[in-house]
Amino acid sequence: MRNIRNSELTDRRSAANDAKAALLQAYRAAKEAAEPTQLARQAERQAVAAAREERRINRERVKTEERERAQAEAAEREAAIAAAATAEAEAREAADKNRISRVIEDEAARKAERDRRYANRKARQG
């Protein structure tokens with residue numbers, strides 16, 4: 001009776017091993033059969049990854065160009081503001097100088113008139 005059980009166990013073990021070997025052989029055969037499609041899918045993935053990287057580089061380049069353009073515009077605006085402030089200061093200074101020169105001319109004219117009146121009065125007195 002023991003021999004019968006052992007033979008059944010041995011049969012089951014050998015059947016299991018045979019089944020495992022058949023599965024492994026089927027897996028290897030399927031892998032070899034699918035290799036060309038796998039290579040094609042891998043090549044497609046690489047192409048998609050390369051396109052994605054190219055788009056990322058283009059986005060970065062566009063962002064950099066936009067940032068540089070914005071900085072250039074800001075610098076131009078600052079230069080224009082500085083030039084306007086300088087022109088305004090120069091105009092204010094010129095107006096101040098003009099006003100001062102008119103005041104000095106008026107003062108000189110008033111002094112000359114006073115001196116003329118004084119000379120006329122002295123001439124009348126004697």
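# Charged side chains and their partners

Me: Is Lys 97 buried or exposed?
Reply: This is a predicted model, in which local features need pLDDT of at least 70 and side-chain atom pairs count only at pLDDT 80 or more, while totals for chains, interfaces and linings use all residues. Residues are numbered from 1 along each chain as its sequence is written, and side-chain values use heavy atoms, with hydrogens and water left out. Since buried means under 20% relative accessible area, exposed over 50% and partly exposed in between (1.4 Å probe, protein chains only), Lys 97, with a relative accessible area of 53%, is exposed.

Me: Which residue meets Lys 97 in a salt bridge?
Reply: A salt bridge is a side-chain nitrogen of Lys or Arg within 4 Å of a carboxyl oxygen of Asp or Glu. The partner of Lys 97 lies four residues away in helix 1, about one turn of the helix, where helices are DSSP runs (H or I, at least four residues) numbered from the N terminus. This partner is partly exposed at 44% relative accessibility, and the N to O distance in the pair is 3.4 Å, the residue being Glu 93.

Me: What is the N to O distance between Glu 53 and Arg 56?
Reply: Glu 53 and Arg 56 are three residues apart in helix 1, so they are separated by about one helical turn. Glu 53 is partly exposed at 35%, as is Arg 56 at 32%. Their side chains meet in a salt bridge with an N to O distance of 2.2 Å.

Me: Which residue is linked with Glu 53 and Arg 56 in a network of salt bridges?
Reply: Side chains of opposite charge can pair when their charged atoms come close. Besides Glu 53 and Arg 56, the network includes Glu 60.

Technical notes. Helices (H or I, at least four residues) and strands (E, at least two) are DSSP runs, numbered from the N terminus.
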